Amino acid sequence: MTPSPRPGRSGGPEQLRVHVLGSLEIEGIPEHRVGSRKARSIVKALTLARGQSVRADALLELVWGERPPARADKELAVLVSRLRTTLGRERLPRKQGGYALAVDWLDVDAMGDLAEESRRRMRNGAYIEALASALSALTLFRGPLLAEEPSAAWLLGERLAAERLAVTVRETASRAALALGEHDLAAAMARLALEQDPYNEVALALLMTALVKAGRPASALAEYASFRERLGDDLGADPSSETDAINTAILRHASLPDAAAD
């Protein structure tokens, strides 16, 4: 259980730690204290602005859509005032015709930092540390970014970036596990990446390599056949020559190309 943050000088928590992967969660602050759906929408928009000002008119459109009430600007000010009571007045200043929110820690950014750390350690040959960083990053991925907002067009770019980040972290984890001889873990990570991105040939190559090294070449060939069919049926395309080379090597009982190289 996450301990409640100590209160800061302006009434909010001393550290504002926000989760947006899966759903909005502010550590130490129960959902009901954040406020209504409208208040939560404001927090989401300001959090993802990462300290930059969001104009009041953009917030009005986000909260009320194309038909705001007659005194929407006053109602917005009331919502912000209530949020200041919960989050801290100094954290939610009005500036540049809008509002900003000072967040100390954001899960999707922390995940990105761990992902970069994992890739750097892989390049340096520190495979144990690379795997540890990748697995730590994946503990933060509780689901799609703000999954409770499935139709929000303004979130599409951020959501796709978070999904892609999760895929690349799983690829890195698979590479590190392969380098360490943890073939079952490497296959599991690659399979999750492929499930998340069904046309991902990097993940397929890692999965096939891990399965062969785990003594399951028939499973690797079946994965290739399934992928080839899916790619052809859905996109009218064939696997790349690099992926095809792995399949051919398995059929000929030859050495596999290095799928673990970044």
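At what angle do helix α5 and helix α6 pack, and how far apart are their axes? Hi everyone, let's start there, keeping in mind that this is a predicted model. Helix α5, residues 107–123, packs against helix α6, residues 127–139, at about 165 degrees, and their axes are 8 Å apart. Angles over 145 degrees count as roughly antiparallel, so that is what α5 is to α6. Their crossing is left-handed.

Who touches whom? On the α5 side we have, among others, Met111, Leu114, Arg121 and Met122, and they meet a set in α6 that includes Tyr127, Ala130, Ala134 and Leu138. By class, this contact has nine nonpolar, three polar and three charged residues.

Met111 is worth a second look, please. It is one of the residues with the most contacts inside the largest nonpolar core, alongside Val20, Leu76 and Leu87. That core has 55 residues, and the elements giving two or more residues to it include α4 (72–87), α5, α6 and α7 (156–179). As for Leu76, leaving out residues up to four places away in sequence, its contacts are Ile42, Ala56, Leu59, Leu60, Trp64 and Tyr99. Apart from this core lies another, with 23 residues, Leu206 and Ile246 among them.

Leu206 takes us to our other helix pair. Helix α8 (residues 183–196) and helix α9 (residues 201–213) have axes that come within 8 Å and cross at roughly 155 degrees, so these two are roughly antiparallel as well. Here too, the crossing is left-handed. Leu206 of α9 is part of the contact, as are Ala203 and Leu207, while α8 brings residues including His183, Ala190 and Leu194. The classes here are eleven nonpolar, one polar and two charged. Thanks for listening!

Key
Residues are numbered from 1 along each chain as its sequence is written. This is a predicted model: local features need pLDDT of at least 70, side-chain atom pairs count only at pLDDT 80 or more; totals for chains, interfaces and linings use all residues. Side-chain values use heavy atoms; hydrogens and water are left out. Axes are lines fitted to C-alpha atoms, for helices over the stretch in contact, and angles run from 0 to 180 degrees between N-to-C directions. Helices (H or I, at least four residues) and strands (E, at least two) are DSSP runs, numbered from the N terminus. Angles under 35 degrees count as roughly parallel, over 145 as roughly antiparallel, 65 to 115 as roughly perpendicular and the rest as oblique. A crossing is left-handed if the near helix is turned anticlockwise from the far one by less than a right angle, and right-handed if clockwise. Contact means heavy atoms within 4.5 Å. Ala, Val, Leu, Ile, Met, Phe, Trp, Tyr, Cys and Pro count as nonpolar, Asp, Glu, Lys and Arg as charged, and the others, Gly among them, as polar. A nonpolar core is a set of buried Ala, Val, Leu, Ile, Met, Phe, Trp, Tyr and Cys residues joined through side-chain atoms within 4.5 Å. Buried means under 20% relative accessible area, exposed over 50%, partly exposed in between (1.4 Å probe, protein chains only).
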